[in-house]
Amino acid sequence: MSAVVVNKAVMTTWDFPYPLTMIACQMAISFIFLYSLKKVKLISYADWSFSTAKKVQCCSDENTNSNCFNSQAYPLAWAHVVNVLLGLIALNLVDIPMFSCLRRLTVLLVLILEFFMLKKLATMGVIFSIFLMLLGKSF
């Protein structure tokens with residue numbers, strides 16, 4: 001929630017109209033923060049390498065092996081970037097309580113549309129957790 005307040009303050013108080021720049025700065029700060037935590041041994045994760053990056057690279061038609069998951073990885077990554085970008089643009093257009101409400105209701109809308117369009121019913125645990133989240137947001 002604090003990131004939403006900071007983003008709203010930056011975009012409205014200083015009239016900062018560049019959400020892509022905000023995303024890039026937040027990502028850079030996150031990378032630096034995580035790298036610093038790794039250096040002081042508070043967290044651990046695998047080092048980045050070109051061999052890992054090549055697994056996500058575009059696969060040619062003759063090189064279709066089970067390690068290549070490009071067809072799922074790139075659209076998912078771009079969907080996340082678009083989601084964050086649209087969220088920042090929406091935050092600039094509405095106030096924080098409305099933004100928070102719309103963001104929480106989006107999950108419910110996805111659940112409903114998934115049922116009607118894909119004929120897929122989520123598990124009772126997922127449904128319960130969504131309604132619990134919505135209930136907790138209303139108080």
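These legends describe views of a predicted model of one protein chain.

**View 1. The whole chain is built from helices, with zero strands.** The protein chain has six helices. Read along the sequence, the pattern is α-α-α-α-α-α. Among contacts in the protein chain with a separation of 6 or more, 45% join residues 24 or more positions apart.

**View 2. The surface of the protein chain exposes about 11100 Å².** Carbon and sulfur atoms supply 72% of this exposed area. Of the 139 residues in the protein chain, 17% are buried.

**View 3. Helix H1 runs over residues 2-13.** H1 has twelve residues. From its first C-alpha to its last, H1 reaches 16 Å, which is close to the 16 Å expected at 1.5 Å a residue.

**View 4. Four residues of H1 are buried: Val4, Asn7, Lys8 and Met11.** These residues lie on the same side of H1 because they cover an arc of only 100° around the axis. An α-helix has 3.6 residues a turn, so residues three or four places apart point the same way.

**View 5. The other side of H1 carries the exposed residues Ser2, Val6 and Thr13.** Is Val6 buried or exposed? Val6 is exposed, whereas Val4 of the same helix, H1, is buried.

**View 6. Asp15 comes just after H1.** The phi angle of Asp15 is positive, at about 50°. H1 itself ends at residue 13.

Note on methods: Residues are numbered from 1 along each chain as its sequence is written. This is a predicted model: local features need pLDDT of at least 70, side-chain atom pairs count only at pLDDT 80 or more; totals for chains, interfaces and linings use all residues. Side-chain values use heavy atoms; hydrogens and water are left out. Helices (H or I, at least four residues) and strands (E, at least two) are DSSP runs, numbered from the N terminus. Buried means under 20% relative accessible area, exposed over 50%, partly exposed in between (1.4 Å probe, protein chains only). Contact means heavy atoms within 4.5 Å. Accessible areas come from the Shrake-Rupley method with a 1.4 Å probe; for residues, only the protein chains shown count as cover. The expected span of a helix is 1.5 Å times one less than its number of residues. The arc is that of the directions from the helix axis to the C-beta atoms.
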